[in-house]
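Reader: I should like to learn how the features of a protein model are read. Could we take them one at a time?

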Amino acid sequence: MTELQDLVHRAETEFAAISHPAELENAKARYLGKAGAITALMKGLSQLSPERKREQGASINLAKQGIEAALQQRRAALAELELHAKLAAEAIDVTLPGRGQHGGGLHPVVRSWMRIEEIFSSIGFAVAEGPEIEDDWTNFTALNSPQNHPARSMQDTFYVDVEDERGQPLLLRTHTSPMQVRHARAHVQRYAAGIGAMPDIKVIAPGRTYRVDSDATHSPMFHQFEGLWIGERVSLADLKGVYTSFLQTFFERDDITLRFRPSYFPFTEPSAEIDMMFDSGPLKGRWLEISGAGQVHPTVVRNFGLDPEQYIGFAFGSGIERLTMLRYGVGDLRQFYSGDLRFLEQFNPA
Ligand code: PHE
């Protein structure tokens, strides 16, 4: 074996033993680099006669090609090995069963909220939403609630440490009734220019409300929906008709009895609590209180910007949690806010 063949052979053996690309490049330098064996041999050519130079030069070139080929081969082999190692490390078993997607779902209270909007929209009510941080005038005064009304006390109301332009602290609305005032005033203003007759004010306003209250049937945050219908001949008979048909649609049954029990609210006169009773099923025969209601008080109608001699109507405010509990048979209101998936998933079957 000539010296050159031996060199090529050594290179081949050395490259084949290398398993790391960086090491391979170092080894390459020992043969083909500036201070490498092949380069040294090339330099030696200058000392030879022209004939020997040609011969030897050709042999060195051959050896050089041999070494380069060995290098390329090893490079490709190492790249291949690396790819295989990577694929093996990332292997996924496509035959495994899927883990299952956990889709979100609607909260039962939200389901009721949407249902209520749908039902009232279908009988011509607009849907309005308003601020949860309310001013004292709109939440209390405009609704004829006297300065010493118990709902105004520090025990019942969450006050905010910010005053409005009247110098009164803002508060988290204690009911959706301030939406009567906001919606009616906006409605009246819209028609103040006298473009034709004013259509009836007919609206529901669902949303969150807040009171310092917490037990099995009360939560510091809860949902109500306000109803308001004001026109020139709207009576409590209309309230009874609207509310009865709402309940029948909401509960999807006709065997419901309603009772209007005399009550007191500063913003209605007369005032009533609406109680309902299922005529069959597990709750049969039990009166359940579901809403405050009444004929809107003349002072409140005046605060809407309307003449109470001409305009009259009814309002109601119902708890959405209460209706949801009755619809689904939920015993404790706190379950709605416990975040317990075992409870919530029952309303969102997969
Ligand atoms: N705002 C009253 C409450 O929260 C309910 C109500 C609304 C009563 C409208 C009468 C008319 O208790």
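Author: Let us begin with the term strand: strands are DSSP runs of E of at least two residues, numbered from the N terminus. By that rule, Pro270 has its place in strand β8, residues 268-278. Please keep in mind that this is a predicted model.

Reader: Which residue is joined to Pro270 by a cis peptide bond?

Author: In general, most peptide bonds are trans, and most residues other than glycine have a negative phi. Here the cis bond joins Glu269 and Pro270, with omega at about 0°.

Reader: Where does Asn144 lie, and is its phi positive or negative?

Author: Asn144 is not a glycine, yet its phi is positive, at about 65°. The residue belongs to the loop between α6 (136-139) and β3.

Reader: How should I read the pairing of strands, and in what order do the 3 strands of the open sheet with β3 stand?

Author: Strands of a sheet pair through backbone hydrogen bonds, either parallel or antiparallel. In this open sheet the order is β2-β4-β3, and the pairing is antiparallel. The edges are held by β2 (133-134) and β3; each has a single partner strand, so one side of each is left without a neighbour in the sheet.

Reader: What joins β3 to β4 in detail?

Author: Strand β3 (residues 159-163) and strand β4 (residues 169-172) pair in the antiparallel sense over 2 bridges. Tyr159 has Leu171 of β4 as its bridge partner. The two strands form a hairpin with 5 residues between them, and Gly167 in the turn has a positive phi of about 80°.

Reader: Which strands make up the open sheet of 7 strands?

Author: Read across that sheet, the order is β1-β5-β6-β10-β9-β8-β7, and the pairing is mixed. Its edge strands are β1 (126-127) and β7 (256-265), each of which pairs on one side only. Within the sheet, β9 and β10 run antiparallel and are joined by 5 bridges. Gln295 stands opposite Phe314 in β10.

Reader: Let us turn to the ligand. Where does it sit, and which residues come nearest?

Author: The ligand sits in the largest pocket. A residue is placed around the ligand if one of its heavy atoms lies within 4 Å of it. There are 14 such residues, of which His175, Ser177, Arg211, Gln224 and Gly317 come nearest. By class, this shell has 5 nonpolar, 7 polar and 2 charged residues.

Reader: Which strands each supply at least two residues of the shell?

Author: These are β6 (221-231), β9 (288-296) and β10 (312-319). The most comes from β10, which gives 3 residues.

Reader: How are polar contacts to the ligand recognised, and which side chains have an N or O atom 2.9 Å from it?

Author: The cut-off for a pair of N or O atoms is 3.5 Å. The side chain of His175 has an N or O atom 2.9 Å from a nitrogen atom of the ligand, and that of Gln224 has one 2.9 Å from an oxygen atom of the ligand. For Arg211, a polar side-chain atom lies 2.9 Å from an oxygen atom of the ligand. On its own the ligand has 330 Å² of accessible area, and the protein covers 91% of that.

Notes
Residues are numbered from 1 along each chain as its sequence is written. This is a predicted model: local features need pLDDT of at least 70, side-chain atom pairs count only at pLDDT 80 or more; totals for chains, interfaces and linings use all residues. Side-chain values use heavy atoms; hydrogens and water are left out. A polar contact is a pair of N or O atoms within 3.5 Å; within protein, one must be able to donate a hydrogen and the other to accept it, and residues adjacent in sequence count only if both atoms are side-chain atoms. Accessible areas come from the Shrake-Rupley method with a 1.4 Å probe; for residues, only the protein chains shown count as cover. On a 1 Å grid over the protein atoms alone, a cavity is a set of points where a 1.4 Å probe fits but cannot get out, and a pocket is an open set with protein on both sides within 12 Å along at least five of seven lines; lining residues have an atom within 4 Å of a point. A molecule sits in a cavity or pocket if more than half of its atoms lie within 2 Å of its grid points. Helices (H or I, at least four residues) and strands (E, at least two) are DSSP runs, numbered from the N terminus. Ala, Val, Leu, Ile, Met, Phe, Trp, Tyr, Cys and Pro count as nonpolar, Asp, Glu, Lys and Arg as charged, and the others, Gly among them, as polar. Two strands pair if DSSP finds at least two bridges between them.
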